[in-house]
Amino acid sequence: MTVPLLDLVAQYRSIKDEVLSAVMAVIERQSFIMGAEVGQLEDAVARLSRTKHAIGCASGTDALMLPLKALDLQPGDEVITTPFTFFATAGAIHNAGGTPVFVDIDAATFNIAPAAVEAAVTPRTRAIVAVHLFGQMAAMEDLLPIAQQHGLALIEDAAQSIGARRRVDGSWRVAGELGTVGTLSFFPSKNLGAYGDGGMMVTQDDALAERLRRLRLHGGSKQYFHDEVGFNSRLDTLHAAVLLAKLPHLADWSAARARHAARYTEAFSGHPAICPPRTDPANEHIFNQYTIRVPRRDELQAHLKARGIGNSIYYPLSLHLQPCFAHLGYAKGSLPVSEAATEQVVSLPVYPELTEAQQQTVIDAVRGFYA
Ligand SMILES: Cc1ncc(COP(=O)(O)O)c(C=O)c1O
């Protein structure tokens, strides 16, 4: 039995009628740019994220880049972030004119370590970009006071964590609810995926929301009048229609991912070689990825591949060691927790439609490799 890392065809089959009628409605109206579905999705995502505003844009990368642009960074301005994330997190900082400052992660959750953030603050620091990696939130209760104390923006990269929750000061808070801005990706592999690229920014801040709405539309609040130079970064109406059709299923899909994760963790726990991912007890994890740590990782990967079992290494090279950031001067060994993770992690299939038999095949193959 082969098991893909992700089976979008299975998902499509389960919602085909709903998606096709939503898409056809847009096509019938020929309303492709900023059509009604964009606003409807923005309202729905704002409700989900418990924010006053949600602003669609062209990708999760742009969702990061636009709020960073809104900071009007000057050369030498620093933005503290994690090196253990998808490249876009740091690429957006660079492209917005900032200097990424990488700090190490927490070994248990793979998320940015607040103490390391605090230690990295300098007079040039303007913002923190915390990533809610793999589906669980970073320690917002520790990051918020650091941001407040130093007057920094706190950007939540929630590309992998739409709707994830964390208990902060005794109550559940949603990814994107507490930071200056939260950023979402609708890349097809995300828990809520479009049929192409798409993204969204969520915020409680009225003035920032207005600025972001301008920045995504060439910097003008009125067509052909430009207050500043912005971008063409809209969410297509067709994608918004697909996402609106999918959104009612998101909670069930994320719950199914969490159930699969629990089953893996039960099967792997106590194993001398396989280290299952740890969910911070304060978090409700939505498992965009189920990522284990193992010895002889590359051999395991080859073993799984030979058996037709999809898997992937998120991420094989820590961002502080990427060639494009060599000028920043980070040495190998400077962020050891992140670097160790890049050598040990492998992500297994955890998509909602995964069957019990498929999952058993994955479990047997992983355990079998270390038998
Ligand atoms: C953590 C993280 N940040 C940013 C992005 C960028 O999103 P997109 O691919 O939609 O541009 C992604 C995903 O691809 C991501 O996983």
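**A walk from the core to the surface**

Start by selecting Leu 41, Val 117, Leu 154, Phe 186 and Met 200: within the largest nonpolar core, which has 40 residues, these have the most contacts. To see what feeds it, colour helices H2 (36–49), H5 (114–120), H6 (140–150) and H8 (237–246), then strands E4 (125–131) and E9 (199–203); each one supplies at least two residues of this core. Bear in mind as you go that this is a predicted model.

Now zoom in on Val 117. Which residues is it in contact with, leaving aside neighbours within four places in sequence? You should find Ile 80, Val 103, Ile 112, Ile 128, Leu 143 and Ile 146 around Val 117. Apart from that core lies another, of 35 residues; to find it, pick Ala 273, Leu 304, Ala 341 and Val 350, which are among its members.

Next stop: strand E1, residues 53–57. All 5 of its 5 residues are buried, so the strand is largely enclosed by the rest of the structure. Show the side chains and look along the strand: His 53, Ile 55 and Cys 57 point one way from E1, while Ala 54 and Gly 56 point the other way. E1 pairs with E9 in the antiparallel sense, over 5 bridges. Click Gly 56 and hop across to E9, where its bridge partner is Met 200, a residue you already met among those with the most contacts in the largest core.

Finish on the outside. Select Met 24, Ile 27, Phe 32, Ile 33 and Met 34, a nonpolar surface patch with about 390 Å² of accessible area together. Ile 27 belongs to helix H1 (residues 8–29). Its relative accessibility is 32%, so Ile 27 counts as partly exposed.

Definitions and conventions
Residues numbered from 1 in each chain as written. Predicted model: local features only at pLDDT ≥ 70, side-chain atom pairs only at ≥ 80, totals over all residues. Heavy atoms only, no water. Core = buried A, V, L, I, M, F, W, Y, C linked by side-chain atoms within 4.5 Å. Buried < 20%, exposed > 50% of the residue type's maximum accessible area, 1.4 Å probe, protein only. Helix = DSSP H or I, 4+ residues; strand = E, 2+ residues; numbered from the N terminus. Contact = heavy atoms within 4.5 Å. Patch = residues over 30% accessible without salt bridge, like charges linked within 9 Å, V, L, I, M, F, W, Y side chains within 5 Å. Areas by Shrake-Rupley, 256 points an atom, 1.4 Å probe, with all protein chains shown as cover. Salt bridge = Lys/Arg side-chain N within 4 Å of Asp/Glu carboxyl O. Pairing = 2+ DSSP bridges.
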